[in-house]
Amino acid sequence: MRFGCHVSIAGGLYKAIERGVELGCEAIQIFASNPRGWRVSPLRAEDVARFKEARADSGISVVAVHSTYLVNLASPNPEIREKSYSRFREDLERAGQIGAEYMIIHPGSHGGAGLETGFDYVAEAFNRFRQESEVKSMALLEIEAGGGTEIGGSWDNLCRIRDRIEAAEEWVGLCLDTCHSFAAGYDLRTPEGWRAVLDTIKERCGLAALKLIHANDATGELGDRLDRHSHIGHGRLGLAGFAAMMEQPELHGLPVILETPEDELGNFATNLETLRQLWRTRQKQGNTVNSR
Ligand SMILES: [Zn+2]
């Protein structure tokens, strides 16, 4: 598996690559613009060039852009929906410009209008993008914890949105956040729990759609719909949950990106080391099994 972190772009886009390299990341995730404001400053050609140059011999094989938190393509409010579309388009185009493989987006909240309406609005935005712009990076729908009126709180919901997007298999994939998935009611503490999720995805839209994992332990209980990330091994999923993830051969080719907190309990470096240690143990066990 390839491990990495969400890194800051403070000081310039290329700084994200430097931070990733320093941490020993094989994959990174970034915000391509201010994640908490609607205003976007233009992406300059020299910033793009510097980013690509820094990436070239960095050992970073996957770059993912995370869309802005303000974006809610499912909003029943037409004004917010339009603003969200502009920003979604901007983020997806930026991802393409900097050569990012993926742009990750939360499906959003229907705000009382109902799931079906929410699914339609999100799919509408995607289909509009495909008409108005050029698809250069894949867009990944990330599973949500499903609190409030969030529409992305189940694998079935994500696949129902994807079903309504034209040529989805070419440019729309899925992102599995371990914390959100657990909060949404999928028990990822055991290999059987992981198996069940992978079988569901396989059945509903094919496992090829799953492109990336967000590795975060969960502070809340199974199914409590709380989106609270914890350090790997310090939450309800525990080390066993992440070891169980590594037992799934279909996931071995995927990038695994940390979005864990940075506080007195630890930081990206410590969480990366925890994941890598689990992975080394898993590989040793794998070798013993093979040599038997
Ligand atoms: Zn996430």
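Is Asp163 buried or exposed? In this predicted model, Asp163 is exposed, its relative accessible area being 51%. The value lies just on the exposed side of the classification, because exposed residues are those over 50%.

Asp163 takes part in the charged contacts of the structure, where a search of the whole model returns 23 salt bridges. Its side chain meets that of Arg204 in a salt bridge with an N to O distance of 3.2 Å. Asp163 belongs to helix α5 and Arg204 to helix α8, so this pair ties together parts that are 41 residues apart in sequence. Unlike Asp163, which is exposed, Arg204 counts as partly exposed, at 26% relative accessibility.

A second salt bridge of helix α8 involves Arg195. This residue is placed in α8, which spans residues 191–205, and its side chain meets that of Glu250 at 2.9 Å, N to O. Glu250 lies in the loop between α9 (238–246) and β10 (255–258), so the Arg195 pair ties together parts that are 55 residues apart in sequence. Both partners count as partly exposed, with relative accessibilities of 27% for Arg195 and 34% for Glu250. Salt bridges with shared partners also join Glu116, Asp120, Asp156, Arg160, Asp163, Arg164 and Arg204 into one network.

The surroundings of Arg195 include further residues. When neighbours within four places in sequence are set aside, Arg195 is in contact with Lys202, Gln248 and Glu250. Between Arg195 and Glu247, the C-alpha to C-alpha distance is 9.6 Å, and the two residues are 52 residues apart in sequence. A further salt bridge is formed by the side chains of Arg189 and Asp187, at 2.9 Å from N to O. Arg189 is partly exposed at 33% relative accessibility, and Asp187 is partly exposed at 27%.

Aromatic contacts were examined next. The structure holds eight aromatic pairs. One of them joins Phe31 and Tyr69 in an edge-to-face arrangement, with 5.6 Å from centre to centre and 70° between the planes. The assignment as edge-to-face follows because the angle is over 60 degrees. Phe31 is part of strand β2 (residues 27–31), while Tyr69 is located in the loop between β3 (62–66) and α3 (78–98), so the pair ties together parts that are 38 residues apart in sequence. The two rings belong to residues of unlike exposure: Phe31 is buried, with a relative accessible area of 15%, whereas Tyr69 counts as partly exposed at 44%.

Another aromatic pair, formed by Phe129 and Trp171, is stacked, with centres 6.1 Å apart and an angle of 25° between the planes. Phe129 lies in helix α4 (residues 115–132) and Trp171 in helix α6 (residues 168–171), so the pair ties together parts that are 42 residues apart in sequence. Both Phe129 and Trp171 are buried. These two residues are also members of a cluster in which ring pairs link Tyr85, Phe88, Phe126, Phe129 and Trp171.

Arginine side chains are placed over aromatic rings as well. Within the cluster, Tyr85 has Arg128 over its face, at 3.8 Å from the ring centre. Elsewhere, the charged end of Arg50 sits over the ring of Tyr14, and the distance to the centre of that ring is 3.8 Å.

A nonpolar patch on the surface is made up of Trp38, Leu70 and Ile80, which together have about 220 Å² of accessible area. Of these residues, Ile80 is situated in helix α3. Its relative accessible area is 34%, and Ile80 is therefore partly exposed.

Backbone geometry was considered last. Although Ala167 is not a glycine, its phi is positive, at about 50°. Ala167 is found in the loop between α5 (155–163) and α6. Arg225, likewise not a glycine, has a positive phi of about 65°. This arginine lies in the loop between β8 (217–218) and β9 (229–230), and Arg225 counts as partly exposed at 35% relative accessibility.

Methods: Residues numbered from 1 in each chain as written. Predicted model: local features only at pLDDT ≥ 70, side-chain atom pairs only at ≥ 80, totals over all residues. Heavy atoms only, no water. Phe/Tyr/Trp six-rings, centres within 6.5 Å; stacked < 30°, edge-to-face > 60°. Helix = DSSP H or I, 4+ residues; strand = E, 2+ residues; numbered from the N terminus. Buried < 20%, exposed > 50% of the residue type's maximum accessible area, 1.4 Å probe, protein only. Lys NZ or Arg CZ within 6 Å of the ring centre and 35° of its normal. Patch = residues over 30% accessible without salt bridge, like charges linked within 9 Å, V, L, I, M, F, W, Y side chains within 5 Å. Areas by Shrake-Rupley, 256 points an atom, 1.4 Å probe, with all protein chains shown as cover. Salt bridge = Lys/Arg side-chain N within 4 Å of Asp/Glu carboxyl O. Contact = heavy atoms within 4.5 Å.
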